[in-house]
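Here's a quick walk through the sheet in this model. Have the viewer open and follow along strand by strand.

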Amino acid sequence: MAEARPLPEADLLLLNALADGELDAPTAAALERRMADEPILRKNYDAIVATREALGRLERPEIDADFLGRIESAVGVSGRGTASVRRTSSRWRADWRALAASVLVAIFAAGSGGYWLGTNIVSQDVADLVASSHRRSLLAASPVDIASSSRHTVKPWLDSRIGVSPPAPDLAAKGFVLVGGRVDVIRGHAVPTLVYRHNEHLITMVAEPAGAEMSKPADREADGYNMVNWRGNGFDYWAISDLERPELDDFVARYIAASETGKK
Amino acid sequence: MTGDQPEDRFREFVIPHLKDALAFARWLTGNRDDAEDVVQEACLKAYAAIGRGAILRPRPWLLAIVRNAAFTWMAKNRPKWLLTPGDEMDRLAETGEAASSDMPAQTPEAELIRKADAAAVRDAVTALPVQLREVLILREFNDLSYREIADVLAIPIGTVMSRLSRARLLLAASIAEDHHG
């Protein structure tokens, strides 16, 4: 009960890194010397280690023959024997179709900056990368790698390329036609990208897999294009177009709304 | 060695990591049944994606797919899943990543944490906001390095570190508190 002030975060991160074996030898040795002199460091380190031990005592799920059989059967690779599949494949097919209609849970935490490493700088980079990808696509023979107005085509195509895909709602009735999808490379990561068309204007929408947090759409600008950035559903979304701001905002609002109500 | 058939590649790149996939999904979704559905969906996606290119690090690759599948599946079937306790979500939003004002001011004694029973620890993990929980799971249950966690979640390493630290602080406080009361 002696100390009242919390440890500086930098020290806390170092202690965690030590417990995780992520420090190089000289840094680890220096930290251990400090711990010998500063009881509060030692106390925090011990708590981290004890927490890790407590988690280590929890059960790890095992793969049993039933589950392996279910996976092999669902995927269609021949199993070793005929392990029973508990759930019917028709149920699975329904799930697969419903994939296209994933839901954006309707909460938005107000976004705030303050990442430890300075998100703003990183975000600026991404905005520029998205803008140049958009510009490149306008010059290319086709802005999409898979041309289809059907989300049932575009989503599985993206899944088959990179294993992830954002919701691709049909917004044609609202004036935004799904043109197709492509894979962009942003900061060395392959990311799914959707392209919509409004009159003669294309909207590039990059969906970078991201953390679980959510943020409201924020208007931005990059390379002379209007851009909207928001988070939700495990993606960091970047919509960019030469559309006027109100039209682009309208698109984003309709995309989000349609993703939310996609569950029918 | 690696066959050219998708089936062989699935056996080489996915099957060996099913246990990791299930552990990640189990702690992400909170229960085994949902986790099995999520892993099945992830395996279908992985199988579809496996035909081309070298998969240099299959485990992080598969875990990233599991995570995407979990978000999609849970949003559809468990709409309340992302609704971590409201004020917790608000606090996270208001204070940003680095803030420590909302964190427990005192670290509990290690002894208190050691005495906690498994159920209390399990509940404490489940109660963590998902954005802290996923980092913790990948570190503690999947034994991924900071670099690998950053890749799976597509966030900077610094963010991995601060989230992991916050997750452990919250966990320690909640375990110790439970033991007290």
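In this predicted model, β2(A) and β3(A) run antiparallel and are joined by 9 bridges. One spot to click on is A:Gly180, which sits opposite A:Val195 in β3(A). The two strands make a hairpin with 2 residues between them, and there A:Arg187 takes a positive phi near 50°.

Carry on to the next pair: β3(A) and β4(A) are antiparallel too, with 6 bridges. Here A:Leu194 has A:Met205 in β4(A) as its bridge partner. This pair also forms a hairpin with 2 residues between the strands, and A:Asn199 in the turn has a positive phi of about 50°.

Going the other way from β2(A), which covers residues 177-186, you reach β1(A), paired antiparallel over 2 bridges. A:Ile146 faces A:Gly181 in β2(A).

The three pairings side by side:

| Strand pair | Sense | Bridges |
|---|---|---|
| β1(A) and β2(A) | antiparallel | 2 bridges |
| β2(A) and β3(A) | antiparallel | 9 bridges |
| β3(A) and β4(A) | antiparallel | 6 bridges |

Now zoom out. These strands belong to an open sheet of 7 strands in chain A, ordered β1-β2-β3-β4-β7-β6-β5 with antiparallel pairing. Why do β1 (146-147) and β5 (215-222) of chain A each have one side without a neighbour in the sheet? They stand at the edges, each with a single partner strand, so one side of each is left open in that sense.

Finally, look for helix α8 of chain A, residues 245-260, which lies across β3, β4, β5, β6 and β7 of chain A. The helix runs at about 25° to β6(A), residues 225-232.

Conventions:
Residues are numbered from 1 along each chain as its sequence is written. Chains are lettered from A and ligands numbered from 1 in the order in which they are written. This is a predicted model: local features need pLDDT of at least 70, side-chain atom pairs count only at pLDDT 80 or more; totals for chains, interfaces and linings use all residues. Two strands pair if DSSP finds at least two bridges between them. Helices (H or I, at least four residues) and strands (E, at least two) are DSSP runs, numbered from the N terminus. Two residues are in contact if their C-beta atoms, placed from the backbone, lie within 7 Å. Axes are lines fitted to C-alpha atoms, for helices over the stretch in contact, and angles run from 0 to 180 degrees between N-to-C directions.
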